[in-house]
Amino acid sequence: MNTIDSLLTVLASKFDDYNRMNTVVSKSSVGWHLEHSLKTIDQIITACKKSDPSVYQWKFKLNRFLILDVLHKIPRGKARAPKVVQPEGEISKESLQLHFEKVCQNLENWEDMNENCYFFHPYFGNLNKKTTEKLLALHTSHHLKIIEDICN
């Protein structure tokens, strides 16, 4: 999970820019992308913790294979964030910091979790721990690139 830890550090370094906008790049602010990234990590880790590893079954999914194993990139503007991971309400540096701390706490015993803990992704199906880590790194990097483009 070192990759996610380092990406979280980069996310936190962008908190000062939370109110920046560039509508040519994104309709959403830097804060929206930060909060969405934190919310996604938090929700996915929580779902994995609640899962029953004994019922996990791998199934080939072309979308998952193409995005996670071939392209290593999430195409911009092709999908919309599910409502459950869309930021709601006012976003501030303080609210981002609080959510960041919550995510870090949630990740504390990730390394000790069963390899077959999983969560269901609407496009990719059930993802076990290893694939979840890959998705979280890719998703977070995707939003960090958008943030960089907004800020530049």
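Let me start with F60, which is partly exposed in this predicted model, its relative accessible area being 47%. F60 sits in the loop between α2, residues 30–50, and α3, residues 62–71, and it belongs to a nonpolar surface patch made of W58, F60, L62, F65, L66, V70 and L71, whose accessible area comes to about 710 Å² together. Within that patch, W58, F60 and F65 are also linked by ring pairs into a cluster.

Staying with the rings for a moment, a search of the whole structure gives 4 aromatic pairs. A pair of aromatic rings is described by the distance of the centres and the angle of the planes. For F15 and F100 the centres are 5.9 Å apart and the planes stand at 85°, which is over the cut-off of 60 degrees, so this pair is edge-to-face. The pair links distant parts of the chain, since F15 is in the loop between α1 (2–13) and α2 while F100 is in helix α4, 85 residues apart. Both F15 and F100 are buried. A ring also takes part in a contact with a charge elsewhere, where K129 lies over the face of W110 at 5.7 Å from the ring centre.

Now to the charged pairs, of which the search of the whole structure finds 7 salt bridges. What does the bridge between K14 and E148 tie together? The closest N and O atoms of K14 and E148 are 2.4 Å apart; K14 lies in the loop between α1 and α2 and E148 in helix α5, residues 129–151, so the bridge joins parts that are 134 residues apart in sequence. K14 is buried, at a relative accessible area of 15%, whereas E148 is partly exposed at 32%.

The loop between α1 and α2 contributes another partner, D16, whose side chain meets that of K93 in a salt bridge at 2.4 Å, N to O. Here again distant parts of the chain are linked, with D16 in that loop and K93 in helix α4, 77 residues apart. D16 counts as exposed because its relative accessibility, 53%, is over 50%, and K93, at 37%, is partly exposed.

Helix α4 is also joined to helix α2, through a salt bridge between the side chains of K102 and D42 at 3.0 Å, N to O. K102 is in helix α4 and D42 in helix α2, and the two are 60 residues apart. K102 counts as partly exposed at 47% relative accessibility, while D42 is buried, with a relative accessible area of 7%.

D42 comes up again when we look at N106, a residue of helix α4, which spans residues 93–107. Leaving out residues up to four places away in sequence, N106 touches D42, I45, T46 and K49, and N106 itself is buried, with a relative accessible area of 13%.

Finally, two residues in the loop between α3 and α4. Is P87, which is found in that loop, buried or exposed? P87 counts as buried, because its relative accessibility is 15%, which falls under the 20% cut-off. Neighbours within four places aside, P87 is in contact with W32, E35, H36 and K39, and its C-alpha is 8.6 Å from that of H33, although P87 and H33 are 54 residues apart in sequence. H72, in the loop between α3 and α4 as well, has a positive phi of about 55° without being a glycine. Most residues other than glycine have a negative phi.

Methods: Residues are numbered from 1 along each chain as its sequence is written. This is a predicted model: local features need pLDDT of at least 70, side-chain atom pairs count only at pLDDT 80 or more; totals for chains, interfaces and linings use all residues. Side-chain values use heavy atoms; hydrogens and water are left out. Helices (H or I, at least four residues) and strands (E, at least two) are DSSP runs, numbered from the N terminus. Buried means under 20% relative accessible area, exposed over 50%, partly exposed in between (1.4 Å probe, protein chains only). Contact means heavy atoms within 4.5 Å. Patches are made of residues with over 30% relative accessible area and no salt bridge: like charges are joined within 9 Å, nonpolar side chains (Val, Leu, Ile, Met, Phe, Trp, Tyr) within 5 Å. Accessible areas come from the Shrake-Rupley method with a 1.4 Å probe; for residues, only the protein chains shown count as cover. A salt bridge is a side-chain nitrogen of Lys or Arg within 4 Å of a carboxyl oxygen of Asp or Glu. Rings of Phe, Tyr and Trp (its six-membered ring) pair if their centres lie within 6.5 Å; planes under 30 degrees apart count as stacked, over 60 as edge-to-face and the rest as tilted. A charge sits over a ring if NZ of Lys or CZ of Arg is within 6 Å of the ring centre and within 35 degrees of the ring normal.
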